[in-house]
Amino acid sequence: MLAATVRVTRDLDAAEEAVQDAYVQALTRWGRDGVPAKPGAWLTTVARRSALNNLRRQRTLREKLPLLIVDAAEPAAAVETLALRDDAPISDDRLRLICTCCHPALSREAQVALTLRLVCGVSTPDIAHAFLVAEPTMAARITRAKKKIASARIPYAVPAAAELPARVDAVLMVVHLLYATGHTAHSGENLVRDELTGRALDLARLLPALLPSEPETDGLLALLLVHQARRATRTDADGRLLRLEEQDRSRWDPGLIAEADRLVVGALRAGPPGRFTLQAAIAALHAQAPSYAETDWPQILTLYDELLRRWPSPVVALNRAVAVAMVDGPAAALAEVVALEADGRLAGYRYLPATKADLLSRLGRHAEAADAYRAALALSDNAAEQEFLQDRLSRTLPS
Amino acid sequence: MAQYAILIFEREAEGGQAPELPPEVLEAHGALPGRIREHGGKELGGIALEPSATATSIRGDLVTDGPFIETKEALAGVFVIEARDLDHAIELARMTPIVSGGVEVRPLLGLDFSGLTS
């Protein structure tokens, strides 16, 4: 609704105001006349009318239209027709809004906050809570971002075909970050966690329909679906983090995994796979294996090789080392982890010492493993993870 | 159309001296207004600066030698363009010939700079 309204106002604040007007009108009108057949369409129409009325009022004040209209040459009559049509292209509007919120001229933090606020309609206090910042800080961040959109004239438009893949990538990164933030939220924050993961999944489900020519949207959706399918077994009853090999696979959601698998197969057929498709393919292979040991590790290693080629990130290289350990043994994997450590780009990344510790303890080098677990503990700020590492550390030490 | 300043930042030679500008870069600068026009924008004018070693800064009562802010890449020039929106401005700014540095795109504060042409 906001997306459809902002197309008329070209101004996010004015659009939000108009949407609020529509809700207020709904409160009185629906109470009196009953709820209309299509409440969403009713609200959108009223919001757009309200936005138009506000615009007309402004126009009489100022001769020149402010920078709010899509195109100064567009006749007002055309705007009006669009605003009053219930079957206006809502989906295009939604995509425009998502592309604006995830514009590369905005910081990643601002992109995430704006997407939650304007695309998902999450309140500012809830966003602040989810990202562990004070409410005024988050409100200021959102205001600053909106101000930049207006003064730098970040267009409210779907980018041109040449720019689209890079821009879609930014959108996918934001949605993935939303899900990941919810997924790893502190154990006591279940409500926040479900809110964020739910919103991220809604967006991920929406994107393939909005961008049918971009198979990476299917890749992201598949990746999130596998995470979602396994979410119940990520921690035990006490909130303790469980490793993949310890998780009860019978509790994974087979419906979500099957859906993810179909999406991965489709995305792989569509051409050279992108990073989300490859990550989803790896996750889906894990999800379909009857057990950790019976996982198709050689295939997973092949996928990691391809992923590293497409996305040369040290984090990917670290995950690949885990697959190397399963295919070629822990000594080969340890050599790769040590090389990554020397490279320095992962300094401060807690999963590096945690992985190293695991490999060392498998090689029987317990004292070195204990040191690495301590290094990982010092870097973790998540209670569930700390408990997990503490537990591993105590098993490593001679009793 | 909106107006944007394109700020050119270039790495200077040791001691804030002017970098050697290759002839093809100078030529590309000359051709820039035409290229911008071909892509639906307009260059309204611009200035090129002497190297930062020639700068004098004044902060309060204090007058000092050198640029206001010392940076690895120093401000080397500014030009003003007209573009439809930020995406268009970025497209045009990308055409700026650069030796070793980059550009910054800044919207102008609603003032009309169309008289700035040299």
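# Questions on a predicted two-chain model

User: What is the relative accessible area of A:D343?

Analyst: The model is predicted. Buried residues fall under 20% and exposed ones over 50%. A:D343 counts as partly exposed, because its relative accessible area is 36%.

User: Which residue forms a salt bridge with A:D343?

Analyst: In the salt bridge of A:D343, the closest N and O atoms are 3.0 Å apart. The partner counts as exposed, at 54% relative accessibility. That partner is A:R345.

User: How many residues apart are A:D358 and A:R243?

Analyst: A:D358 forms a salt bridge with A:R243, and the closest N and O atoms are 3.0 Å apart. This pair links distant parts of the chain, with A:D358 in helix α17 (residues 351–362) of chain A and A:R243 in the loop between α11 and α12 of chain A. Both A:D358 and A:R243 are buried. Their separation is 115 residues.

User: Which residues are linked in a network of salt bridges with A:R243 and A:D358?

Analyst: A:R243 and A:D358 form a salt bridge with each other. The network that holds them also takes in A:E245, A:R362 and A:R392.

User: How many of the residues of α13(A) are buried?

Analyst: Helix α13 of chain A covers residues 275–288, and its end C-alpha atoms are 20 Å apart, which agrees with the span expected for 14 residues. Among its buried residues are A:F276, A:L278, A:I282 and A:H286. What covers the buried residues includes α9 (164–183), α11 (216–229), α12 (254–269) and α14 (297–310) of chain A. The helix is largely enclosed by the rest of the structure, because the buried residues number 12 of the 14.

User: How far apart in space are A:L318 and A:L346, C-alpha to C-alpha?

Analyst: A:L318 is found in helix α15 (residues 314–328) of chain A. It is buried, with a relative accessible area of 2%. Beyond four places in sequence, A:L318 has contacts including A:V337, A:L340, A:L346 and A:Y349. A:L346 is 28 residues away from A:L318 in sequence, and the C-alpha distance is 9.3 Å.

User: What share of residues 101–149 of chain A is helix?

Analyst: The UniProt annotation in an unreviewed entry assigns residues 101–149 of chain A to "domain: RNA polymerase sigma factor 70 region 4 type". The end C-alpha atoms of this span lie 9 Å apart, its strand content is 0%, and its helix content is 71%.

User: In what order do the elements of chain B run from the N terminus on?

Analyst: Chain B has two helices and six strands. Of its 118 residues, 31% count as buried. From the N terminus on, the order is β-α-β-β-β-β-α-β.

User: Which three residues supply 56% of the area that chain B buries against chain A?

Analyst: The contact takes 10 residues from chain B and nine from chain A. About 680 Å² is buried between the chains, and carbon and sulfur atoms give 53% of that area. More of chain B's buried area than any other three residues supply comes from B:L86, B:D87 and B:P107.

User: Which residue of chain A forms a salt bridge with B:D87?

Analyst: Two salt bridges cross the interface of chain B and chain A. In one of them B:R94 pairs with A:E163, the closest N and O atoms being 3.6 Å apart. B:D87, partly exposed at 26% relative accessibility, has its closest N and O atoms 3.5 Å apart in a salt bridge with A:R167.

Note on methods. Residues are numbered from 1 along each chain as its sequence is written. Chains are lettered from A and ligands numbered from 1 in the order in which they are written. This is a predicted model: local features need pLDDT of at least 70, side-chain atom pairs count only at pLDDT 80 or more; totals for chains, interfaces and linings use all residues. Side-chain values use heavy atoms; hydrogens and water are left out. UniProt positions are given in the numbering used here, feature names are shortened, and annotations may be inferred rather than shown by experiment. Helices (H or I, at least four residues) and strands (E, at least two) are DSSP runs, numbered from the N terminus. The expected span of a helix is 1.5 Å times one less than its number of residues. Buried means under 20% relative accessible area, exposed over 50%, partly exposed in between (1.4 Å probe, protein chains only). Contact means heavy atoms within 4.5 Å. Buried area is the accessible area (1.4 Å probe) that two parts lose on being put together, summed over both. A salt bridge is a side-chain nitrogen of Lys or Arg within 4 Å of a carboxyl oxygen of Asp or Glu.
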